[in-house]
Amino acid sequence: MKMAKAVVLPVLVTAAIASGASPAAAQLPAPPPLPALPTIPPPPPVAAMFAEQTWPGNETKQDAFNNMANEVNNGWAANGLQSTLIGANIGFGIGCLSIFPNFIAGCIIGTAVGVVAGAATGIGQNPNVVPAIERFVATP
């Protein structure tokens with residue numbers, strides 16, 4: 001009798017575990033739909049907000065500034081980053097080599113000058129940037 005109890009119980013436990021190990025056939029219910037969120041209009045561009053705060057009531061100056069900011073942004077997007085990186089690397093190399101006794105300061109100054117020159121060159125490759133800047137400066 002003891003042997004039957006010792007064998008039957010592990011067999012029943014093994015059978016229960018084995019029958020429960022099969023994949024579940026039931027599907028989970030679909031989640032309820034999310035409530036509709038209120039739509040928020042996108043904020044105006046930063047350049048437009050800056051122009052409205054800087055020149056309130058002067059629409060022509062605001063329009064000239066927005067045009068200039070858009071053209072500078074287009075020049076930067078076209079090839080400003082690449083020119084900036086190239087200018088930074090060239091400025092770093094020249095600055096480190098030219099001011100040998102204090103090469104750390106030369107590296108820093110050369111890199112800064114190269115970054116500014118590269119950014120101006122990259123943005124300036126957009127032919128509409130210079131007329132937009134001149135129009136902005138000339139607008140009263």
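Asn-102 counts as partly exposed, at 45% relative accessibility. The model is predicted. Asn-102 sits in the loop that runs between helix 3 and helix 4. From there, look along the chain to Ala-120. The two residues are 18 apart in sequence, and 27 Å separates their C-alpha atoms.

A second asparagine makes a useful contrast. Asn-126 lies in the loop between helix 4 (103-124) and helix 5 (129-138). Its relative accessibility is 12%, so Asn-126 counts as buried, the limit being under 20%. What does Asn-126 contact, leaving aside its neighbours within four places in sequence? The partners are Glu-71, Asn-74 and Gly-75.

Now turn to the interior. The largest nonpolar core has eight residues: Ala-47, Ala-51, Trp-55, Ala-64, Phe-65, Met-68, Ala-132 and Phe-136. At least two of these residues come from each of helix 2 (46-54), helix 3 (59-98) and helix 5. Helix 3 gives the largest share, three residues. Take Met-68, one of the core residues. Not counting residues up to four places away in sequence, Met-68 touches Ala-132, Ile-133 and Phe-136. Phe-65, another core member, is buried at a relative accessible area of 12%.

Aromatic rings come next. The count of aromatic pairs is five. One of them joins Phe-50 and Trp-55. Their ring centres are 6.1 Å apart and their planes meet at 90 degrees, so this pair is edge-to-face; the cut-off for that class is over 60 degrees. Phe-50 also pairs with Phe-65. Here the centres are 5.2 Å apart, with 40 degrees between the planes, and the pair is tilted. Phe-50 belongs to helix 2 and Phe-65 to helix 3, so this pair ties together parts 15 residues apart in sequence.

Is Phe-50 buried or partly exposed? Phe-50 has a relative accessible area of 44%, so it is partly exposed. A nonpolar core takes buried residues, and therefore Phe-50 does not qualify for one. Still, ring pairs link Phe-50 into a cluster with Trp-55, Phe-65 and Phe-136. Trp-55, Phe-65 and Phe-136 are also listed in the largest nonpolar core.

Finish at the surface. Met-3, Val-7 and Val-11 make a nonpolar patch of about 310 Å². Val-11 is placed in helix 1 (residues 2-20).

Notes
Residues are numbered from 1 along each chain as its sequence is written. This is a predicted model: local features need pLDDT of at least 70, side-chain atom pairs count only at pLDDT 80 or more; totals for chains, interfaces and linings use all residues. Side-chain values use heavy atoms; hydrogens and water are left out. Patches are made of residues with over 30% relative accessible area and no salt bridge: like charges are joined within 9 Å, nonpolar side chains (Val, Leu, Ile, Met, Phe, Trp, Tyr) within 5 Å. Accessible areas come from the Shrake-Rupley method with a 1.4 Å probe; for residues, only the protein chains shown count as cover. A salt bridge is a side-chain nitrogen of Lys or Arg within 4 Å of a carboxyl oxygen of Asp or Glu. Helices (H or I, at least four residues) and strands (E, at least two) are DSSP runs, numbered from the N terminus. Buried means under 20% relative accessible area, exposed over 50%, partly exposed in between (1.4 Å probe, protein chains only). Contact means heavy atoms within 4.5 Å. A nonpolar core is a set of buried Ala, Val, Leu, Ile, Met, Phe, Trp, Tyr and Cys residues joined through side-chain atoms within 4.5 Å. Rings of Phe, Tyr and Trp (its six-membered ring) pair if their centres lie within 6.5 Å; planes under 30 degrees apart count as stacked, over 60 as edge-to-face and the rest as tilted.
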